[in-house]
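Please open the structure in your viewer and keep the selection tool at hand. The tour below proposes what to select at each stop.

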Amino acid sequence: AAPLQVRLVVPMTVVFGPGSVPRDLSRPLPFRDMQEMEISVNLRTSVTSRYEMRYRSTTAQEEAALSAATAREADAALHPLQDTTMGSLTMYVVPETSSLLPQGINVYVGKQRSALVRAVGSLAALQARLREVTQLMSFTAGSIAAALSDRVPSAQLGPDARRNLKSSLGYEITFSLLNPDPKSHTVDWDIEGAVNRYVKPVLDKLSLVANFSVDSQILYYAVLGVTPRYDKESSSFLLSAHSLPHVINPVEARLGSSAASLYPVLNFLLYVPERSHSPLYIQDKDGAPVSTNAFHSPRWGGIMVYNVEAPASPQASLPLHVDVDMARVMEVFLAQLRLLFGLSREGVPPEFLLESPGNEGLADWELDHLLWAHTVENIATVSTTLTSLAQLLDKIGNIVIKDDVASEVYRAVASVQSAVTKLSLGHLHAAFQASKEAVTSSERAFFDPSLLHLLYFPDDQKFAIYIPLFLPMAVPILLSLAKIVRETRLHRKEPTKMD
Amino acid sequence: GRMAAAVLLLLQLLLAAGPAPGRADAGQERRDALREELLLSPLPTGDVAATFQFRTRWDADLQRGAVSHYRLFPKALGRLVAALGVRELHLALTQGFWRTRYWGQPPLQAPAGAELWVWFQPTVTDVDKAWKELSNILSGIFCASLNFIDSTNTVIPTASFKPLGLANGTDHHLLRYAVLPREVVCTENLTPWKKLLPCGSKAGLAVLLKAERLFHSSYHSQAVHIRPICRDASCLAMSWELRQTLTVVFDFFSSGQGKKDWSLFKMFSRTLTDTCPLASQSKVYVDISPKNKEKELLEVSPPPTSVHEAVVQGEKKTYAVYDLLSPSLFNTSRSLNVQLKWKRPQDSSEMPIPTLHAQRYVAGYGLQTGQICTLIYNTHPYRAFPVILLETVPWYLRLYVHTLTIITKGKENKPSYIHYQPAQDRRRPHLLEMLIQLPANSVTKITIQFERALLKWTEYPPDPNHGFYVGSSVLSALVPSVTAMKDTDVEQSPLFTSLFPSSDGSSYFVRLYTEPLLVNLPTPDFSMPYNVICLTCTVVAVCYGSFYNLLTRTFHVEEPSRGGLAKRLANIIRKFRGVPPL
């Protein structure tokens, strides 16, 4: 891959509340400091992250806000006092004995771009804690490596790295209800209400990252590709974890490709098993039933199995009417959506308390997290695309580059340069916009149909055409060569005879 | 493990979000409905035509609303209609040719190959771009070569194709029409078509759609029609209708040992076992109309649920109806295998001739000029009626419009309306639309001469000696009916009568397609360039070889040792003669 050097700058403010300033502070407040971190991806790709920290003490207003009863109230009161540009972070250090944070909790991460951190004795310990919080709220070496997964040797990547969706200008989300047995079940789902209630707020927030379109469909007689195993003990059917990869393929054929757009599709399937196969449970690798009865497929979407309670009396008339509990279903689908965007809140240390983002489903700092990763990924994609275009031109010299293709390439280069500069200045949003433009231009240049014209006239065909010329012409040359060889041999023999 | 943690977290935030979703529409009636229907009609020649129709009606506005939720209506088509501003879409893929003269008027006819005509919404600004995009997407959905539709085979008819559904205005600039006569229809086109059905091919009438039988037939035509319709009689709101139709003609007379008896199993090698649970109506109609006012010659078994009488295409018809949704039908036997037997052999000499039928052929000889002849027959004993003829001719046949002659009963017949758009080389085809009055009991002959153009060598298709297709011409007419028809409610009447709107009781709408033409164009010898290369190269190589030899060889005089054969012979003769040898 092409060499790539990116510097990510995170502007952050550390505010010390009264009685929380570490004893071994070397300089008087306020002062500026800087921390650099190298994220190693591969030999030719280097990502440096730099935290530009500004240490200061609280203002009177902030002091008043920090004296609130709970962390949530304090966070809400502090919000109007902060720098709210994207990518910037504000940390409030509260005294070790503060009652704002509950017992055993050392860090509280709010809904926006700020956190409350409990003071520790020394500056070094505090900085270590701060680093942990900033990485959670901006990016970690892991999230950057996942964004650059094309360049990382596959052995180094964790299983989670390949789960995240590739950065794209838009996504299509399709909810499908699979009813393989419409004779026994009439399934109704209020998908319209559920989308408006649960999905829309999240997508409104995510609209900064990409365009989203949502639709839904009901597919009848769509069956999974695997026949579940009957378990006598629980009198239920089981799908084991190792058979799950085979489940999707036959369903996929029915889902209907998104013919009208080029964006990647996220599929969320709700499967109501046939009467003869219900109840159906998914087992994990250890054989225990999965509590959500759902699983996801990396970069594709998720499937949830929704069991219908058996009727009280066996002679109840068919079909059974089923109303899907959309809150339960959407909970799972939204969790899967977060997973696919790499926004899972797993792996957070227990001493951290994360404020739930509420109806929006996404905190501001999580959005930043996504933007950091996508910007880096976009820059890497553009560099790869332009490099392969250049390599193609090196290889096949007679491809004609039209003016409009050339101007797209120039535009892509300019945009990607501006994205890199803006990242190193800490302007996350501007950098992301520039990287998006760069992707659009570079793809347009790379996939321009005019580049294809000459690709299919290989050189060996020219040889085939000229063989009738070359072959008869080669005959006298070869014959005379043979003659020369013969004569030189004779010459060599003759002198020995003369001697 | 980690999934549960994430879900737990979301559970918290969702519980905070508000009360559980309301069940506002639980008791609401369905906004979409599916009707399916199979019409079996014995044809005069002994063949049997089977026409499937699946109609999905959706009481929703596809044009508005960013989020759309599909149930019975297929998402792929719905998105297409919404995204490209389609008002009406008619796509037909056909293999074979419906022989109107022998088989009678078809319920739905389509030209051989692929036919696509689309009305766009008035809001669409760039119709050509939308048309191009639409044909590309459709070619992906139906695995057909519709992506070959471009400006050279697209026309804008002014009179022949009116919207079949609701339409405010009929500005024909929103219409596009194209035919690809070369298109071959096969299983790969049927599979995606079946996938659009809500029940797939798993239940209901669609179980009969077995590809190996359907393509073992003399005629196969599958179509998709999307159009907006009135939601109710007051027509204040709009609904969308998707009709998927499939017509097959099975040739039993020649393949079935001269017997005309047939059954569902013989035709499709399947029988009907259950209904599609999503269909609100599922019926099989069998045409048992008595021919020639005689007593009923045929017998159907099992006994039909009911008998339906209607006037279809000007004729009084009787249909045996099997309602698959009626509980009595599957009570007696587990499956339904409709059988038809002729009581006594029927003399096939007197075949009814349809009121309107047509024929087209290419006349002339040589590879320079030719003539397209179209014969239109009106066999109505006393009524004359007008017909609109639409001809689309590719640009490489250069029509001479001044040679256009229309002759009926030996006299010239002047068309009351002519719309002619000349072709432009490599840009657009010829379009000729005429309104011609057909006198009663007459044959009208329309001829026009053309010159064959020379193509560039890259423009020839593979196998150019096969010839070039010219699409079918289209005849649209309101044919006077022999029997008066009653106005019926469209929602109640069978599907096969309700695609074309009927104007009044005295006439019915017919659209006919003539045969596609196969025209030979002057075709160059494609091996010629290679031959020339070979020949010139050989000449060059021989010249080069002798020059090379001349330049590189050294020449020296060689003493003759004994001389050649001629010399020896001469010396022998000289010896005899006593002359000194040479």
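**Stop one: a helix in chain B**

Select helix α5 (residues 187-195) of chain B, where B:Asn189, B:Leu190, B:Pro192, B:Trp193 and B:Lys194 are buried (under 20% relative accessible area, with exposed over 50% and partly exposed in between, for a 1.4 Å probe and protein chains only). Helices (H or I, at least four residues) and strands (E, at least two) are DSSP runs, numbered from the N terminus. The cover over the buried residues of α5(B) includes, in chain B, β2 (48-58), β4 (86-95) and α4 (127-142). The model is predicted, local features need pLDDT of at least 70, and side-chain atom pairs count only at pLDDT 80 or more. Residues are numbered from 1 along each chain as its sequence is written, and chains are lettered from A in the order in which they are written.

**Stop two: an exposed tryptophan**

Next, select B:Trp457, in the loop between β23 (442-452) and β24 (468-470) of chain B. Is B:Trp457 buried or exposed? B:Trp457 counts as exposed because its relative accessibility is 66%. Add B:Lys575 to the selection: C-alpha to C-alpha, B:Trp457 and B:Lys575 are 72 Å apart in space, and 118 residues apart in sequence.

**Stop three: chain A**

Select domain 1 (165-341), domain 2 (364-451) and domain 3 (457-494) of chain A, whose bounds come from an automatic or database domain assignment. The C-alpha centres of domain 1 and domain 3 of chain A are 71 Å apart.

Note on methods:
Side-chain values use heavy atoms; hydrogens and water are left out. Contact means heavy atoms within 4.5 Å.
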